[in-house]
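This briefing looks at the cysteines, the strands and the nonpolar core of one protein. Please keep the sequence and the structure in view while reading.

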Amino acid sequence: MSSHKGKGVTRRDFLKLSGVTALGTTLAISGLSYQDLVTKAKDPDQPINIIWTGNGWCGGNTIAFIDAMNPSLEDVFTGVYFDGKSIQLRQPSISDLGLINLVYHPILMPQDSMAYATMEQALNGELDPYVLVVEGTMFDEFGLYYKKPSGSFWCSAGRKPDGSVLLCDEFVFNLMKNAYGVAATGACATYGGIPSTTNGLGKRSPTYAMGMLDDPYRGINGFPYYAYQVYQKDLAPDIIDENIYSVTGSSINTAYPGPSYHWTTKSGLPIISIAADPPAGDWIMRTLVSLVLYARGLGPNPADDLDVFNRPKFFYGNETHQNCPRAGFFAEGKFAYEFGDPQCTYSLGCKGTEANSPAPRLGWLAGVGGCTRGGVCIACTAPGFPDLYEPFYAPPNAPTVPSTTLFAAAAAAGIIVGVGSYALSRRRRAPKG
């Protein structure tokens, strides 16, 4: 671990570092000074706990999370849990955040018994306040859509004291009940991603994998509404034993984009979507930091700055295309013939006009890399992924103006010229490899 002693990171510098500029703007408008916020802050000696679950996952979000740099794990986390006891590793590098413990993570803490113990502590209120991070898809364990063989299961979080399986669905369901905030990270956990593929908008897999939030494009309900339906039909009375909406005082609203968007925690926060396959580590870390700042009384409600699909606007407020350094070529109607060309890769299949992300601007790690730096956007931050955006590397039928914000520029540059360039690009040779 790198040492941060003597760095003298101020709160102002940290907020810049964390990229919570939209939150800072909200604070300025509210008229609250820094001292006002400090006065409102809650006890910094009271840890805020993070519980991280892995369900139908590949671990990609965890790898990205470990690679976060601005801020890093060492900047934010101060302690861990072991055998149900809190162990403080060091003093916080950023004092305003106070103590933040990583209570549970299925890769970093792989003991088979820890999941159940963590769940029991959470249900008993021993870990309050905690933020639940969900990675990976959830599954139809209880036969709402597909009746699997008796005694089988799709996903296990560990073992119960009697040796029976602790289902991932049960684990997440119980952790949702007392969570201060819930964040879904990655394409799988947000809208279902690849495991929830509808096979070209046709038939789904027997697992009926789903994200925490509804995918209105593919007609997939998210996990809160799934759990509600299981409860209503009494399909798992010993596991899904409560109405998850009434437990937290949420309203059941089926309005677009779907009922799971209207589920909230006991603190009134909706599920926050950190979308991508996977998102960069900094996107995950900074979103968690915004939740912690709010819990401490040092920042505004992050729910006030979400888009229609519950993604933080300070990351997902613009189209990927609008953040892309190649966007000028699009406006001029200049398209790449093959990978490696510097022009706009719309002709090579880029879906940046259909997705929202900061990847081209922020890069992947310390400003380096990112989807459109050498490849194309495949719209992994959007509901409907992957079904609506395949094949990834096939050119679209024709170039279109992506948004009203680019209409004037595109028209002035002569999009008709772009159509000619696009037609040529359709005759390019296939990319090598």
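A disulfide is here a pair of cysteine sulfur atoms within 2.5 Å, and a search of the whole structure on that criterion finds one. The model is predicted, with local features requiring pLDDT of at least 70 and side-chain atom pairs counted only at pLDDT 80 or more, whereas totals for chains, interfaces and linings use all residues. Residues are numbered from 1 along each chain as its sequence is written, and side-chain values use heavy atoms, with hydrogens and water left out.

**Overall composition**

- The protein has 17 helices and nine strands, where helices (H or I, at least four residues) and strands (E, at least two) are DSSP runs numbered from the N terminus.
- Of the 433 residues, 55% are buried, a term that stands for under 20% relative accessible area, with exposed meaning over 50% and partly exposed lying in between (1.4 Å probe, protein chains only).
- About 18300 Å² of the protein is exposed, and carbon and sulfur atoms supply 54% of that area, as computed by the Shrake-Rupley method with a 1.4 Å probe, where for residues only the protein chains shown count as cover.
- Taking contact to mean heavy atoms within 4.5 Å, 70% of the contacts between residues at least 6 apart in sequence join residues at least 24 apart.

**Cysteines**

- The disulfide joins C155 to C168 with an S to S distance of 2.2 Å, and the link is left-handed, with -55° about the S-S bond.
- This pair links distant parts of the chain, 13 residues apart, with C155 in the loop between β5 (130-135) and β6 (156-159) and C168 in helix α7 (residues 168-178).
- Both ends of the link are covered, since C155 is buried at a relative accessible area of 6% and C168 is buried at 1%.
- The sulfur of C188 lies 6.5 Å from the closest cysteine sulfur, in C58, and is therefore too far away for a bond; C188 is buried, with a relative accessible area of 16%.
- C380 is likewise in no disulfide, the nearest cysteine sulfur being that of C371 at 5.6 Å, and C380 is buried with a relative accessible area of 14%.

**Strand β5 and its partners**

- In a regular strand the side chains alternate between the two faces of the sheet.
- Both faces of β5 are covered, with Y130, L132 and V134 buried on one side and V131, V133 and E135 buried on the other.
- Two strands pair if DSSP finds at least two bridges between them, and β5 pairs in the parallel sense with strand β1 (residues 48-54) over six bridges, in which V131 is the bridge partner of I50.
- Five bridges join β5 to the parallel strand β8 (residues 181-185), where G181 stands opposite V131.

**Nonpolar core and loop**

- A nonpolar core is a set of buried Ala, Val, Leu, Ile, Met, Phe, Trp, Tyr and Cys residues joined through side-chain atoms within 4.5 Å; in the largest one, of 102 residues, I51, L132, M212 and F223 touch the most other members.
- Helix α11 (residues 281-295) gives the largest share of this core, nine residues.
- Beyond its neighbours within four places in sequence, F223 has contacts that include M138, F173, M212 and S260.
- L213, in the loop between α8 (187-191) and α9 (223-232), is buried at 0% relative accessible area, and its C-alpha atom is separated by 5.6 Å from that of T190, 23 residues apart along the chain.
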